[in-house]
Amino acid sequence: MSDGKPTRDYIIEAADQLFYQQGYEHTSFADIAAAVRISRGNFYYHFKTKDDILDAVIELRLANTQDMLEQWEITGQSPQDRIKHFINILITNQTKIMRYGCPVGTLSTELAKMDHSAKTDASKLFTLFRTWLAQQFVFLGHATDADNLAMHLLARSQGVATLANAFRDKEFIAQEVTQMNEWLNKYCPS
């Protein structure tokens, strides 16, 4: 913690990783404090409850996702290229996905199972992707079915992430990513 970043940011980042790797319910204050190497008293100075940390983690994930989507807007030369960034994230993050699942899907599922009050906030991450993907399909001339196409791609990617986590099969991920890209090329030729 010598780079001048506020302690609070380190706590949020550590909690984000631990919630992803261990789950929200199985991560304690002590786990997060140990990861950041601060005393529990210092920890409580920044966050009074675990739900306060969860809110901060969701906000961090929303900001990071928005930044990623903006980067894809810059680097993708066409809407089809930008959608391919979304599809190919399964390859980019395959090691983590095979080990822990999708960070968006696992958190949303865990909070829904717990009927946690933050489940709606966590689903905003899916909404960001859904809205962004639908916009790309509109740009490709599919205004009437843009949301359906976005939901199809979201569902397929979540299914791939879930099965990749269950079977830890790199070839399966590669095969599914290839098929999704082929589907996109066929359905929305450039």
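Buried, as I will use the word, means under 20% relative accessible area, exposed means over 50%, and partly exposed lies in between, with a 1.4 Å probe and protein chains only as cover. By that definition Asp115 is exposed, because its relative accessible area is 54%.

Before I go further, this is a predicted model, in which local features need pLDDT of at least 70 and side-chain atom pairs count only at pLDDT 80 or more, while totals for chains, interfaces and linings use all residues. Residues are numbered from 1 along each chain as its sequence is written, and side-chain values use heavy atoms, with hydrogens and water left out.

Let me stay with Asp115, which sits in the loop between helix 7 (103-114) and helix 8; helices here are DSSP runs of H or I with at least four residues, strands are runs of E with at least two, and both are numbered from the N terminus. The phi of Asp115 is near 50°, a positive value in a residue other than glycine, and as background, most residues other than glycine have a negative phi. Arg168 also has a phi near 50°, and Arg168 is placed in the loop between helix 9 (146-167) and helix 10 (170-187).

Asp115 brings us to the salt bridges, of which the structure holds seven, a salt bridge being a side-chain nitrogen of Lys or Arg within 4 Å of a carboxyl oxygen of Asp or Glu. In one of them the side chain of Asp115 meets that of Lys119 at 2.3 Å, N to O, and Lys119 is partly exposed, with a relative accessible area of 31%. Arg130 and Asp147 form another, at 2.6 Å, N to O, and this pair links distant parts of the chain, with Arg130 in helix 8 and Asp147 in helix 9, 17 residues apart. Arg130 counts as partly exposed because its relative accessibility is 31%, and Asp147 likewise counts as partly exposed, at 33%.

Helix 8, residues 119-139, also contains Gln136, and that residue is buried, with a relative accessible area of 0%. The C-alpha atoms of Gln136 and Ala150 are separated by 8.7 Å, although the two residues are 14 apart along the chain.

Turning to the annotated N-terminal part, an unreviewed UniProt entry lists residues 5-65 as "domain: HTH tetR-type", and residues 28-47 as "DNA-binding region"; positions are given in the numbering used here, feature names are shortened, and such annotations may be inferred rather than shown by experiment. In the model, residues 5-65 are 77% helix and 0% strand, with end C-alpha atoms 21 Å apart, while residues 28-47 are 75% helix and 0% strand, with end C-alpha atoms 13 Å apart. A further salt bridge joins the side chains of Glu13 and Lys5 at 2.9 Å, N to O; Glu13 is partly exposed at 33% relative accessibility, and Lys5 is partly exposed at 27%.

What gathers in a patch of negative charge on the surface? The members are Asp51, Asp52, Asp55 and Glu59, where a charge patch is made of residues with over 30% relative accessible area and no salt bridge, like charges being joined within 9 Å. One of these residues, Asp52, is found in helix 4, residues 50-75, and Asp52 is partly exposed, with a relative accessible area of 33%.

Key: Patch = residues over 30% accessible without salt bridge, like charges linked within 9 Å, V, L, I, M, F, W, Y side chains within 5 Å. Areas by Shrake-Rupley, 256 points an atom, 1.4 Å probe, with all protein chains shown as cover. Lys, Arg positive; Asp, Glu negative; His and termini not counted. Charge placed at Lys NZ, Arg CZ, Asp CG, Glu CD.
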